[in-house]
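Reader: Please pick a single part and take a close look at it with me. Keep the sentences short, and then show how that part connects with what lies around it.

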Amino acid sequence: MLGGTFDPVHLGHLRSAVELREVLGLDRVHMVPASIPPLRDAPQVAPQERLTLLELGIGDTPGLVADGRELERDGPSFTADTLAGLREEYGSQARLVMALGHDAFLRLADWHTPQRLFSLAHLVVIDRPDHDCPLSPALSELIAGREVDSPEALMQRPAGRLLRLALPTRLALSATAIRERLAAGRSIRYLLPEAVERRIMAKSLYQQI
Ligand code: ATP
(Lines give C-alpha, C1' and ligand atoms only; values in the text may rest on other atoms or scores of the structure.)
Protein backbone atom coordinates (compact mmCIF):
# COMPACT_ATOMS: atom_id res chain seq x y z
CA MET A 1 0.00 0.00 0.00
CA LEU A 2 0.98 3.59 -0.60
CA GLY A 3 -0.95 5.88 1.70
CA GLY A 4 -1.03 9.65 1.56
CA THR A 5 -3.08 12.78 1.54
CA PHE A 6 -3.03 12.94 -2.26
CA ASP A 7 -4.04 16.62 -2.10
CA PRO A 8 -3.85 16.28 -5.12
CA VAL A 9 -2.29 13.13 -6.58
CA HIS A 10 0.65 13.90 -8.89
CA LEU A 11 3.11 12.07 -11.13
CA GLY A 12 5.60 11.63 -8.24
CA HIS A 13 3.01 9.41 -6.51
CA LEU A 14 1.87 7.59 -9.62
CA ARG A 15 5.27 6.92 -11.15
CA SER A 16 6.56 5.71 -7.76
CA ALA A 17 3.60 3.31 -7.47
CA VAL A 18 4.25 1.86 -10.94
CA GLU A 19 7.97 1.42 -10.25
CA LEU A 20 7.38 -0.06 -6.78
CA ARG A 21 5.17 -2.69 -8.35
CA GLU A 22 7.82 -3.53 -10.94
CA VAL A 23 10.87 -3.48 -8.68
CA LEU A 24 9.24 -5.45 -5.85
CA GLY A 25 7.18 -7.76 -8.08
CA LEU A 26 3.89 -6.80 -6.40
CA ASP A 27 0.49 -7.96 -7.65
CA ARG A 28 -1.16 -4.67 -6.75
CA VAL A 29 -0.42 -1.28 -5.21
CA HIS A 30 -3.33 0.02 -3.14
CA MET A 31 -3.17 3.81 -3.09
CA VAL A 32 -5.09 4.85 0.03
CA PRO A 33 -6.06 8.48 0.64
CA ALA A 34 -6.22 9.44 4.32
CA SER A 35 -9.55 10.84 5.37
CA ILE A 36 -8.15 12.77 8.35
CA PRO A 37 -4.31 12.60 8.44
CA PRO A 38 -3.38 12.62 12.16
CA LEU A 39 0.00 14.37 11.89
CA ARG A 40 -0.52 17.26 9.50
CA ASP A 41 -2.83 20.17 8.67
CA ALA A 42 -6.25 19.33 7.29
CA PRO A 43 -6.13 18.73 3.53
CA GLN A 44 -7.48 21.53 1.36
CA VAL A 45 -9.92 19.33 -0.53
CA ALA A 46 -12.57 16.90 0.86
CA PRO A 47 -11.64 13.20 1.09
CA GLN A 48 -14.16 12.03 -1.52
CA GLU A 49 -12.88 14.60 -4.04
CA ARG A 50 -9.25 13.55 -3.42
CA LEU A 51 -10.32 9.94 -4.06
CA THR A 52 -12.01 10.97 -7.31
CA LEU A 53 -8.83 12.76 -8.44
CA LEU A 54 -6.85 9.63 -7.55
CA GLU A 55 -9.21 7.43 -9.58
CA LEU A 56 -8.84 9.76 -12.56
CA GLY A 57 -5.06 9.80 -12.12
CA ILE A 58 -4.80 6.01 -12.06
CA GLY A 59 -7.15 5.59 -15.02
CA ASP A 60 -6.46 2.17 -16.54
CA THR A 61 -2.91 1.75 -15.12
CA PRO A 62 -2.43 -1.99 -14.54
CA GLY A 63 -2.00 -3.02 -10.90
CA LEU A 64 -2.77 0.35 -9.30
CA VAL A 65 -5.90 0.50 -7.13
CA ALA A 66 -7.60 3.65 -5.78
CA ASP A 67 -8.62 2.33 -2.38
CA GLY A 68 -11.15 4.41 -0.44
CA ARG A 69 -11.27 2.27 2.71
CA GLU A 70 -10.02 5.02 5.06
CA LEU A 71 -12.89 7.24 3.97
CA GLU A 72 -15.32 4.74 5.43
CA ARG A 73 -13.82 4.92 8.93
CA ASP A 74 -14.59 7.66 11.47
CA GLY A 75 -11.82 9.58 13.23
CA PRO A 76 -8.15 9.88 12.30
CA SER A 77 -6.77 7.56 9.59
CA PHE A 78 -4.33 5.16 11.22
CA THR A 79 -2.28 3.19 8.70
CA ALA A 80 -2.01 0.19 11.03
CA ASP A 81 -5.80 -0.28 10.80
CA THR A 82 -5.61 -0.17 7.01
CA LEU A 83 -2.80 -2.72 6.96
CA ALA A 84 -4.79 -4.95 9.35
CA GLY A 85 -7.69 -4.88 6.87
CA LEU A 86 -5.40 -5.75 3.96
CA ARG A 87 -3.80 -8.55 6.00
CA GLU A 88 -7.23 -10.02 6.65
CA GLU A 89 -8.10 -9.89 2.95
CA TYR A 90 -4.84 -11.26 1.58
CA GLY A 91 -4.13 -13.81 4.35
CA SER A 92 -1.35 -14.39 6.88
CA GLN A 93 1.23 -15.62 4.36
CA ALA A 94 0.88 -12.83 1.77
CA ARG A 95 3.81 -10.44 1.48
CA LEU A 96 2.47 -7.01 2.41
CA VAL A 97 4.49 -3.86 1.82
CA MET A 98 3.79 -0.41 3.17
CA ALA A 99 5.65 2.15 1.07
CA LEU A 100 6.36 5.71 2.09
CA GLY A 101 8.59 8.54 0.97
CA HIS A 102 11.71 9.45 2.92
CA ASP A 103 10.08 12.63 4.31
CA ALA A 104 7.20 10.61 5.78
CA PHE A 105 9.63 7.95 7.06
CA LEU A 106 11.54 10.56 9.11
CA ARG A 107 8.38 11.10 11.19
CA LEU A 108 7.54 7.39 11.60
CA ALA A 109 8.39 7.21 15.31
CA ASP A 110 5.57 9.74 15.97
CA TRP A 111 2.95 7.56 14.30
CA HIS A 112 0.23 5.73 16.21
CA THR A 113 1.58 2.27 17.27
CA PRO A 114 4.58 2.27 14.87
CA GLN A 115 5.77 -1.18 16.05
CA ARG A 116 2.45 -2.64 14.96
CA LEU A 117 3.18 -1.58 11.37
CA PHE A 118 6.12 -3.99 11.27
CA SER A 119 4.02 -6.87 12.57
CA LEU A 120 1.63 -6.32 9.66
CA ALA A 121 3.91 -5.42 6.72
CA HIS A 122 7.38 -4.74 5.40
CA LEU A 123 8.25 -1.06 5.15
CA VAL A 124 9.81 0.28 1.98
CA VAL A 125 11.19 3.80 2.08
CA ILE A 126 11.34 5.61 -1.25
CA ASP A 127 14.18 8.07 -1.71
CA ARG A 128 12.90 11.54 -2.58
CA PRO A 129 15.03 14.29 -4.02
CA ASP A 130 15.64 17.09 -1.49
CA HIS A 131 14.53 15.02 1.49
CA ASP A 132 17.77 13.65 2.90
CA CYS A 133 18.22 14.03 6.65
CA PRO A 134 19.68 12.04 9.58
CA LEU A 135 17.39 9.70 11.54
CA SER A 136 16.25 10.61 15.07
CA PRO A 137 17.31 8.32 17.95
CA ALA A 138 13.68 7.14 18.35
CA LEU A 139 13.50 6.20 14.67
CA SER A 140 16.87 4.41 14.75
CA GLU A 141 15.63 2.39 17.72
CA LEU A 142 12.35 1.55 15.99
CA ILE A 143 14.05 0.13 12.89
CA ALA A 144 17.01 -1.54 14.65
CA GLY A 145 17.70 -5.01 13.23
CA ARG A 146 15.02 -4.73 10.54
CA GLU A 147 16.96 -3.24 7.65
CA VAL A 148 17.71 -5.39 4.56
CA ASP A 149 19.46 -4.33 1.37
CA SER A 150 17.56 -5.98 -1.49
CA PRO A 151 13.97 -6.58 -2.64
CA GLU A 152 14.69 -10.34 -2.59
CA ALA A 153 15.14 -10.20 1.19
CA LEU A 154 11.48 -9.17 1.47
CA MET A 155 10.39 -12.38 -0.26
CA GLN A 156 11.35 -14.65 2.62
CA ARG A 157 8.75 -13.36 5.09
CA PRO A 158 5.31 -11.76 4.98
CA ALA A 159 6.25 -8.72 7.15
CA GLY A 160 8.75 -7.12 9.53
CA ARG A 161 11.62 -5.85 7.38
CA LEU A 162 12.71 -2.44 6.19
CA LEU A 163 14.16 -1.64 2.77
CA ARG A 164 15.36 1.76 1.58
CA LEU A 165 14.95 1.98 -2.15
CA ALA A 166 16.10 4.37 -4.86
CA LEU A 167 13.53 3.89 -7.62
CA PRO A 168 14.67 4.36 -11.24
CA THR A 169 12.78 7.66 -11.62
CA ARG A 170 13.03 10.30 -8.92
CA LEU A 171 10.66 13.20 -9.44
CA ALA A 172 11.09 16.33 -7.35
CA LEU A 173 7.34 16.99 -7.25
CA SER A 174 5.14 17.73 -4.26
CA ALA A 175 1.45 18.40 -3.79
CA THR A 176 2.42 21.54 -1.85
CA ALA A 177 4.17 22.97 -4.92
CA ILE A 178 1.16 22.12 -7.09
CA ARG A 179 -1.26 23.81 -4.67
CA GLU A 180 0.99 26.88 -4.57
CA ARG A 181 1.08 27.05 -8.35
CA LEU A 182 -2.71 26.80 -8.58
CA ALA A 183 -3.20 29.47 -5.92
CA ALA A 184 -0.86 31.76 -7.86
CA GLY A 185 -2.64 31.07 -11.17
CA ARG A 186 0.38 29.31 -12.66
CA SER A 187 0.41 26.22 -14.90
CA ILE A 188 0.40 22.68 -13.51
CA ARG A 189 0.62 21.03 -16.95
CA TYR A 190 2.75 17.84 -17.02
CA LEU A 191 3.02 17.69 -13.22
CA LEU A 192 -0.03 15.45 -12.92
CA PRO A 193 -2.22 13.45 -15.33
CA GLU A 194 -4.32 15.49 -17.76
CA ALA A 195 -7.57 14.04 -16.44
CA VAL A 196 -6.66 15.25 -12.94
CA GLU A 197 -5.78 18.71 -14.23
CA ARG A 198 -9.08 18.91 -16.15
CA ARG A 199 -11.12 18.10 -13.02
CA ILE A 200 -9.15 20.54 -10.86
CA MET A 201 -9.79 23.30 -13.39
CA ALA A 202 -13.46 22.41 -13.95
CA LYS A 203 -14.13 22.49 -10.19
CA SER A 204 -11.78 25.43 -9.45
CA LEU A 205 -10.00 23.38 -6.79
CA TYR A 206 -6.99 24.82 -4.90
CA GLN A 207 -7.38 28.13 -6.64
CA GLN A 208 -7.75 30.28 -3.53
CA ILE A 209 -5.83 30.05 -0.29
P1 ATP B 1 2.45 17.57 0.47
O2 ATP B 1 3.35 18.41 -0.37
O3 ATP B 1 1.04 18.07 0.58
O4 ATP B 1 3.05 17.19 1.81
P5 ATP B 1 3.19 15.15 -0.98
O6 ATP B 1 3.45 15.54 -2.38
O7 ATP B 1 4.37 14.84 -0.09
O8 ATP B 1 2.22 16.19 -0.31
P9 ATP B 1 1.55 13.03 0.13
O10 ATP B 1 0.14 12.76 -0.25
O11 ATP B 1 1.82 13.61 1.45
O12 ATP B 1 2.21 13.93 -1.05
O13 ATP B 1 2.45 11.75 -0.10
C14 ATP B 1 2.00 10.41 -0.03
C15 ATP B 1 3.23 9.52 -0.01
O16 ATP B 1 3.93 9.64 -1.26
C17 ATP B 1 4.24 9.91 1.09
O18 ATP B 1 4.82 8.72 1.60
C19 ATP B 1 5.27 10.74 0.32
O20 ATP B 1 6.54 10.71 0.93
C21 ATP B 1 5.28 10.05 -1.05
N22 ATP B 1 5.63 10.98 -2.13
C23 ATP B 1 5.09 12.18 -2.38
N24 ATP B 1 5.68 12.76 -3.44
C25 ATP B 1 6.61 11.89 -3.88
C26 ATP B 1 7.60 11.93 -4.95
N27 ATP B 1 7.70 12.99 -5.75
N28 ATP B 1 8.41 10.86 -5.10
C29 ATP B 1 8.32 9.80 -4.25
N30 ATP B 1 7.42 9.71 -3.23
C31 ATP B 1 6.59 10.74 -3.04
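Author: One term comes up front. A helix here is a DSSP run of H or I, at least four residues long, and helices are numbered from the N terminus. The model itself is predicted.

The part to look at is helix α7. It runs over residues 175-183. Just after α7 comes glycine 185, with a positive phi of about 75 degrees.

Now look at what α7 hides. Ala175, Ile178, Arg179 and Leu182 are its buried residues. Around the helix axis they cover an arc of only 100 degrees, so they lie on the same side of α7. What do the buried residues of α7 pack against? They pack against α8.

Next, take glutamate 180, which is also in α7. Is glutamate 180 buried or partly exposed? It has 13 C-beta neighbours inside 10 Å, so it counts as partly exposed. Buried would need 20 or more, and exposed 12 or fewer. Glutamate 180 also leads to a remote stretch of the chain. Tyrosine 206 is 26 residues away from it in sequence, yet their C-alpha atoms are 8.2 Å apart. Tyrosine 206 sits in the segment after α8. Its phi is positive, about 65 degrees, although it is not a glycine. Tyrosine 206 has 19 C-beta neighbours inside 10 Å, so it too is partly exposed.

Go back to α7 for the ligand. Of the 18 residues around the ligand, Ala175 and Thr176 are among those that come nearest, along with Gly4, Gly12 and Gly101. Helix α7 supplies at least two residues of this shell, and so do α1, β4 and α4. Which element gives the most? That is α1, with three residues. By type, the shell has seven nonpolar, eight polar and three charged residues.

Between β1 and α1 lies a loop that holds proline 8. The peptide bond from aspartate 7 to proline 8 is cis, with omega near 5 degrees.

Helix α8 also links α7 to another helix. The buried residues of α7 pack against α8, and α8 is one of the elements that the buried residues of α2 pack against. The others are α1, β2 and β3. In α2, the buried residues are Arg50, Leu51, Leu53, Leu54, Leu56, Gly57 and Ile58. Check its length too. At 1.5 Å a residue, the 12 residues of α2 should span 16 Å, and the end C-alpha atoms are 16 Å apart, so the two agree. Like α7, α2 has a glycine with positive phi after it. For α2 this is glycine 59, with phi near 55 degrees.

The trail ends in the largest nonpolar core. This core has 42 residues, and Met31, Leu54, Met98, Ala99, Ala121 and Val124 have the most contacts inside it. Helix α2 gives the most to it, with five residues. Leucine 54 touches Phe6, Val9, Met31, Pro33 and Ala66, leaving out residues up to four places away in sequence.

So keep two things about α7. Its buried residues lie on the same side. It also helps to form the shell around the ligand.

Methods:
Residues are numbered from 1 along each chain as its sequence is written. This is a predicted model: local features need pLDDT of at least 70, side-chain atom pairs count only at pLDDT 80 or more; totals for chains, interfaces and linings use all residues. A residue is near a molecule or strand if its C-beta atom, placed from the backbone, lies within 6 Å of it. Ala, Val, Leu, Ile, Met, Phe, Trp, Tyr, Cys and Pro count as nonpolar, Asp, Glu, Lys and Arg as charged, and the others, Gly among them, as polar. A nonpolar core is a set of buried Ala, Val, Leu, Ile, Met, Phe, Trp, Tyr and Cys residues joined through C-beta atoms within 7 Å. Two residues are in contact if their C-beta atoms, placed from the backbone, lie within 7 Å. The expected span of a helix is 1.5 Å times one less than its number of residues. The arc is that of the directions from the helix axis to the C-beta atoms.
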